[in-house]
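Here is a short briefing to keep beside the model as you look around. It begins with the surface and then moves through the fold, the cores and the aromatic residues.

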Amino acid sequence: MTSVPPARTQDTAAVAEGDTGTDTGTGTSSDAGSASGSGSGAAPATPSRSRGARRALGLALLFGALGAALALVASGQVWGSSAVPFAQSELSVQVKGSDVTGLPSALALVGLAALVAVFAVRRAGRVLVATLLTLCGAGTLAAALLRVGDTSALNEKAAEASGIAQNGISDAAVFNAWPYVSAAGGALLLLAGLLALRYGAGWPSMSGSGRYERTGRASRKGAQGAARPVVDPERPEDLWKALDRGEDPT
């Protein structure tokens, strides 16, 4: 009679354990893959913010420098002209932007200084300087627009030209586009200030490098002072050794 071999329980258990390990490994790898996938999706947030801060930095520098230049150039140009009657004839009078109002040029200079000072301070100081830059831009814009069509400066020029205090311009004054150029410069300064308020926290600062440089220089001096041997004035051999090293033993 042929006997039936017993069941191979050990081989079956080994196969079961192998299947379980394969499933476990597959689950672990899939979980790791999903975790890495989710991590890779959240990682690019910081580089995008840094790129936005760098782009805002370039725009703020461009807007601030161009706005200040426009306001300063416009203040030296003729804003309006007219004529004043004098001795059965007429005298032509003209006024520049600085004659009409000196605020745009003054605020443009302050705004330009504030734009440079943004990189010299940090944290709360940077917010204050950026606020000053914003206010300078708004003030330049408002001062230029409010004096468009103002004939008070032309009347003063007419009185000076004719020598008669009550003599004013006879014809309607003619104003050109330079007041609006000054206003555009103020608008650019205003945009630069708003960019500094929004993205200024991520911009570099000139004060950080100097601090580390001073710390490094102090540590180097301390190391040199520690390595220098002490000279005993009572011992002639120490004095001669100091002279050989090029030091002054006194």
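The protein chain exposes about 15700 Å², and carbon and sulfur atoms supply 62% of it; accessible areas come from the Shrake-Rupley method with a 1.4 Å probe, and for residues only the protein chains shown count as cover. This is a predicted model, in which local features need pLDDT of at least 70 and side-chain atom pairs count only at pLDDT 80 or more, while totals for chains, interfaces and linings use all residues. Residues are numbered from 1 along each chain as its sequence is written, and side-chain values use heavy atoms, with hydrogens and water left out.

**Confidence**
- The protein chain has a mean pLDDT (the predictor's confidence in each residue, from 0 to 100) of 73, and 60% of its residues reach 70 or more.
- Please read residues 1–45 with care: pLDDT stays under 50 there, and the model has 0 contacts (heavy atoms within 4.5 Å) for them beyond four places in sequence.
- Residues 209–216 also have pLDDT below 50, with 1 contact in the model beyond near neighbours in sequence.

**Fold**
- You will find 9 helices and 3 strands in the protein chain; these are DSSP runs, numbered from the N terminus, with helices (H or I) of at least four residues and strands (E) of at least two.
- Along the sequence, their pattern is α-α-β-β-α-α-α-α-β-α-α-α.
- Of the 250 residues, 25% are buried, meaning under 20% relative accessible area with a 1.4 Å probe, protein chains only.

**Nonpolar cores**
- The largest nonpolar core (buried Ala, Val, Leu, Ile, Met, Phe, Trp, Tyr and Cys residues joined through side-chain atoms within 4.5 Å) has 19 residues, and Ala 108, Val 118, Phe 119, Leu 133, Leu 189 and Trp 203 are those with the most contacts inside it.
- At least two residues of this core come from each of helix H2 (45–75), helix H4 (103–117), helix H5 (124–146) and helix H7 (178–199).
- H2 gives the largest share, 6 residues.
- Another core lies apart from it and has 8 residues, including Trp 79 and Val 93.

**Aromatic residues**
- The whole structure holds 1 aromatic pair; rings of Phe, Tyr and Trp (its six-membered ring) pair if their centres lie within 6.5 Å, and planes under 30 degrees apart count as stacked, over 60 as edge-to-face and the rest as tilted.
- The ring centres of Phe 119 and Trp 203 are 5.9 Å apart and their planes are at 20°, so this pair is stacked.
- Phe 119 lies in the loop between H4 and H5 and Trp 203 in the loop between H7 and helix H8 (206–227), 84 residues apart.
- Phe 119 is buried at 14% relative accessible area, and Trp 203 is buried at 6%.

Terms used: Buried < 20%, exposed > 50% of the residue type's maximum accessible area, 1.4 Å probe, protein only.
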